Amino acid sequence: MIQALETINLGKRYGKDWALRGCTFKLPIGRVAGLVGPNGAGKTTLLHLAVGLLKPSAGSVQVFGEAPDRVLTRVGFVAQDRPLYRNFRVKDMLMLGQKLNPSWDMNLAKERLDRLAIPLNRPTGKLSGGQQAQVALVMALAKRPEMLILDEPIANLDPLARYEFQQTLMDAVAEDGLTVLFSSHLIADLDRICDYLIILSASQVQIASDIEPLLATHKRLIGPSDREASLARTHTILQVRSSERQSTLLVRLHGALLDPAWEVQEASLEDIILAYLALPAPFPFTIQHKGVQEAVR
């Protein structure tokens with residue numbers, strides 16, 4: 001089955017240092033995926049490999065079953081610094097996009113910018129940060145891509161600008177059925193717009209899964225400290241906060257919880273992400289979509 005994005009033991013090395021190593025996951029077509037990880041985890045490197053800006057040092061990456069440089073017209077990309085020619089007027093940027101992209105939809109670009117009240121005659125360097133982000137997104141959408149890759153495009157925006165950017169993005173997803181890979185440190189934003197999660201830590205993928213089953217299998221448990229050892233024999237304990245008598249755990253369950261001593265509470269997506277990011281590296285625990293790959297300590 002063809003995936004929107006598939007990597008197998010993908011790695012990128014700069015000299016003796018690996019920016020990304022042993023990266024294996026599948027992103028199904030039609031998902032809106034959040035990519036999270038600490039600084040230096042390799043997120044930008046992964047995205048640049050996916051759009052063909054970098055060549056792998058090891059392993060492979062495919063986009064819609066082909067090498068990234070063979071599907072450039074099918075992928076829209078918004079880089080972290082939202083690159084725009086600052087002296088170009090907005091309409092000049094649109095004309096440039098039209099000349100560079102055979103599938104360019106000028107009507108779509110103008111309609112979206114008009115809806116956002118962004119003046120076409122203004123130089124992009126004189127737009128606000130939020131407006132620049134919107135222009136960069138519209139430039140990517142006007143290519144009529146099948147997949148959109150975004151590298152922290154809203155990290156420095158105020159809450160209203162982030163919300164407006166997300167609305168434009170989700171409108172495009174609803175209208176065109178785009179696959180989206182969205183890198184961000186803002187977990188609340190990912191919770192709002194994503195249905196798939198990829199966690200990259202220590203240059204390796206720890207999770208690549210639909211969010212719904214993650215929430216169903218990860219729970220917060222409260223119970224007696226002396227029951228931790230027996231629990232760990234059948235389930236995976238990700239986080240522990242213990243006192244002399246009571247423990248609060250974040251656990252991935254592998255089947256039914258049979259011990260009635262544990263009080264079960266729901267875990268939020270933020271709880272789950274922070275627990276995985278806090279794990280020591282390397283941690284032998286990988287979840288891949290629908291059981292494609294799973295390793296549990």
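An axis here is a line fitted to C-alpha atoms, for a helix over the stretch in contact, and the angle between two axes runs from 0 to 180 degrees between N-to-C directions. Keep that in mind for the first stop, and remember that you are looking at a predicted model.

**Stop 1: a pair of helices**

Select residues 90-100, which form helix H2, together with residues 106-115, helix H3. The two pack at an angle of about 155°, and their axes lie 10 Å apart. Angles over 145 degrees count as roughly antiparallel, so H2 is roughly antiparallel to H3. Now show the side chains: H2 brings Val 90, Leu 94, Met 95 and Gln 98 to the contact, while H3 supplies Met 106, Ala 109, Lys 110 and Leu 113. By type, these contact residues divide into 6 nonpolar, 1 polar and 1 charged. As for handedness, the crossing of H2 past H3 is right-handed.

**Stop 2: an open sheet**

Next, move to the sheet of 4 strands, whose order is S11-S12-S10-S13 and whose pairing is antiparallel. For its edges, pick 236-242 (strand S11) and 263-266 (strand S13), each of which pairs on one side only. On average, neighbouring strands in this sheet are turned by 25° against each other, direction ignored.

Then zoom in on residues 218-224 (strand S10) and 246-252 (strand S12): these antiparallel strands are joined by 7 bridges. Try clicking Pro 224; its bridge partner in S12 is Gln 246.

**Stop 3: the helix on the sheet**

Finally, add residues 269-277, helix H9, which packs on the sheet and touches S10, S11 and S12. Sight along S12 and compare: the direction of H9 makes about 90° with that of S12.

Technical notes. Residues are numbered from 1 along each chain as its sequence is written. This is a predicted model: local features need pLDDT of at least 70, side-chain atom pairs count only at pLDDT 80 or more; totals for chains, interfaces and linings use all residues. Side-chain values use heavy atoms; hydrogens and water are left out. Two strands pair if DSSP finds at least two bridges between them. Contact means heavy atoms within 4.5 Å. Angles under 35 degrees count as roughly parallel, over 145 as roughly antiparallel, 65 to 115 as roughly perpendicular and the rest as oblique. A crossing is left-handed if the near helix is turned anticlockwise from the far one by less than a right angle, and right-handed if clockwise. Ala, Val, Leu, Ile, Met, Phe, Trp, Tyr, Cys and Pro count as nonpolar, Asp, Glu, Lys and Arg as charged, and the others, Gly among them, as polar.
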